[in-house]
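Please open the model in your viewer and keep the sequence panel beside it, since this tour moves from one selection to the next and says what can be found at each stop.

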Amino acid sequence: MLVGKIIGTVIATRKDEKLVGSKFLIVQPLALDGAPNDRPLVAVDTVGAGVGERVLYVTGSVSPLAVRRNDTPVDAAVVGIIDSIDLGG
Amino acid sequence: MLVGKIIGTVIATRKDEKLVGSKFLIVQPLALDGAPNDRPLVAVDTVGAGVGERVLYVTGSVSPLAVRRNDTPVDAAVVGIIDSIDLGG
Amino acid sequence: MLVGKIIGTVIATRKDEKLVGSKFLIVQPLALDGAPNDRPLVAVDTVGAGVGERVLYVTGSVSPLAVRRNDTPVDAAVVGIIDSIDLGG
Amino acid sequence: MLVGKIIGTVIATRKDEKLVGSKFLIVQPLALDGAPNDRPLVAVDTVGAGVGERVLYVTGSVSPLAVRRNDTPVDAAVVGIIDSIDLGG
Amino acid sequence: MLVGKIIGTVIATRKDEKLVGSKFLIVQPLALDGAPNDRPLVAVDTVGAGVGERVLYVTGSVSPLAVRRNDTPVDAAVVGIIDSIDLGG
């Protein structure tokens, strides 16, 4: 999983029918110090995340496991909202 | 998912038989500001996208989930046509 | 999918038994203008491609879908021979 | 698999219900000489690894195979604690 | 698949139980001219490869297809020992 911040949303009316009802979040990957890190991507929301929140997201073919229908063609999904990151022991 | 723009098509007559009837679109990945971003790739169309349209596409092994036969060897698929991208809350 | 050119072959006598009979092609990824692009990789042939031909290939876990036995451990496969690439509308 | 070192943990109370009970470890990828290598990621623990330990981890869609429920949306998992790395014959 | 050279081994006593008995090889990816190329990774051996041998390896979620139990959490596997690489027609 990677750490990211929700910075926006994408609207797509014409889409794969299995994606109807999905919320597309724009996720900015973050380094551990909170700095932007790599390019933004679009992930489906599965935990009610909103703009400004810091989240854990997955990418790749495990992403459908996070949505209701496991045959949904998504390759990124927000799976948790981060409370805290603890570095060191 | 990533954001891209359709910039062309690829014709391949000799191909895996499960790909017969597929439309191969050349997708230029885009940054959020619309600038080209990374190298173009070839994705199958599943939503009737045409040259010049801005789309959402998936890559990797979830791509077959977007086409009719889930055993089709494709690793990129256009899954939505973007209406708008909203940054910020 | 990505565009590549077949530039050679690999011979491996000792291999996973499910790979017996597979032809291993060295694929040079190409940019749309035909220039080399990224590092060569080894893909199994599924369409009778030969050295010098321009092909479409897939990578990752959809690759076994292109070969006869879907439990074959391959992570790249040539799935089409390109006739033409059309840029623009 | 890749070699990494556990450098911290992530707490996420609101998350996919299949992730409840998972421990999220921050893994710093390491080069063979022990130097940091690439960006840290978050992996689920499956072997009782703790901060400071050097581990083997997997990424991608094999990661759910390392946890109890194979439909858990995780894309990185610690699968072993390294005793030694032996270079050369 | 990619071309690599076995340059060492990793010992991990505490590990996922499905990995017990696996041999972990350190693979240095190679360019076609034999020069090191990208970072070393750890792959399971499935063909009896040893240090110094030039091999074909797969990465990602097809890797479990190369080992006996297809639910083993491995994301890289050596699948062949290279006899020769032939460039050109």
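**A serine in a loop**

Begin by selecting Ser63(A), which lies in the loop between strand 5 (54-59) and strand 6 (76-81) of chain A; keep in mind throughout that this is a predicted model. Is Ser63(A) buried or exposed? Ser63(A) counts as buried because its relative accessible area is 0%, and the cut-off for that word is under 20%.

Now show the side chain of Ser63(A) and look for two backbone oxygens: that of Gly60(A), which the side chain reaches at 2.7 Å, and that of Asp75(A), which it reaches at 3.3 Å. If you then select the surroundings, leaving aside neighbours within four places in sequence, you will find Ser63(A) in contact with Val58(A), Val74(A), Asp75(A), Ala76(A) and Ala77(A).

**Where chains A and B meet**

Next, colour chain A and chain B separately and turn to the contact between them, to which chain B gives 29 residues and chain A gives 31 residues. Together the two chains bury about 2,200 Å², and 56% of that area is on carbon and sulfur atoms. On the side of chain B, select Met1(B), Val62(B) and Leu65(B), which lose the most area to chain A and together make up 28% of what that side buries.

How many salt bridges are counted between chain B and chain A? The count is two, and one that you can display is formed by Arg14(A) with Glu53(B), whose closest N and O atoms are 3.8 Å apart. The residues on the side of chain B that touches chain A divide into 17 nonpolar, eight polar and four charged.

To see strands meeting across this contact, select strand 1 (residues 2-11) of chain A together with strand 7 of chain B, which run antiparallel and are joined by four bridges. Within this pair, Gly8(A) stands opposite Leu87(B) in strand 7 of chain B.

**An alanine in chain D**

Finally, move to chain D and select Ala43(D), which is found in strand 4 (residues 41-45) of that chain. Ala43(D) counts as buried because its relative accessibility is 0%. Not counting residues up to four places away in sequence, Ala43(D) touches several residues of chain D, including Lys23(D), Phe24(D) and Val78(D), and it also touches Met1(A). As a last step, draw a distance from the C-alpha of Ala43(D) to that of Tyr57(D): the two residues are 14 residues apart in sequence and 7.8 Å apart in space.

Methods:
Residues numbered from 1 in each chain as written. Chains lettered and ligands numbered in written order. Predicted model: local features only at pLDDT ≥ 70, side-chain atom pairs only at ≥ 80, totals over all residues. Heavy atoms only, no water. Contact = heavy atoms within 4.5 Å. Buried area = accessible area lost by both parts, 1.4 Å probe. Salt bridge = Lys/Arg side-chain N within 4 Å of Asp/Glu carboxyl O. Nonpolar A, V, L, I, M, F, W, Y, C, P; charged D, E, K, R; others polar. Pairing = 2+ DSSP bridges. Helix = DSSP H or I, 4+ residues; strand = E, 2+ residues; numbered from the N terminus. Buried < 20%, exposed > 50% of the residue type's maximum accessible area, 1.4 Å probe, protein only. Polar contact = N/O pair within 3.5 Å; in protein donor to acceptor, adjacent residues only side chain to side chain.
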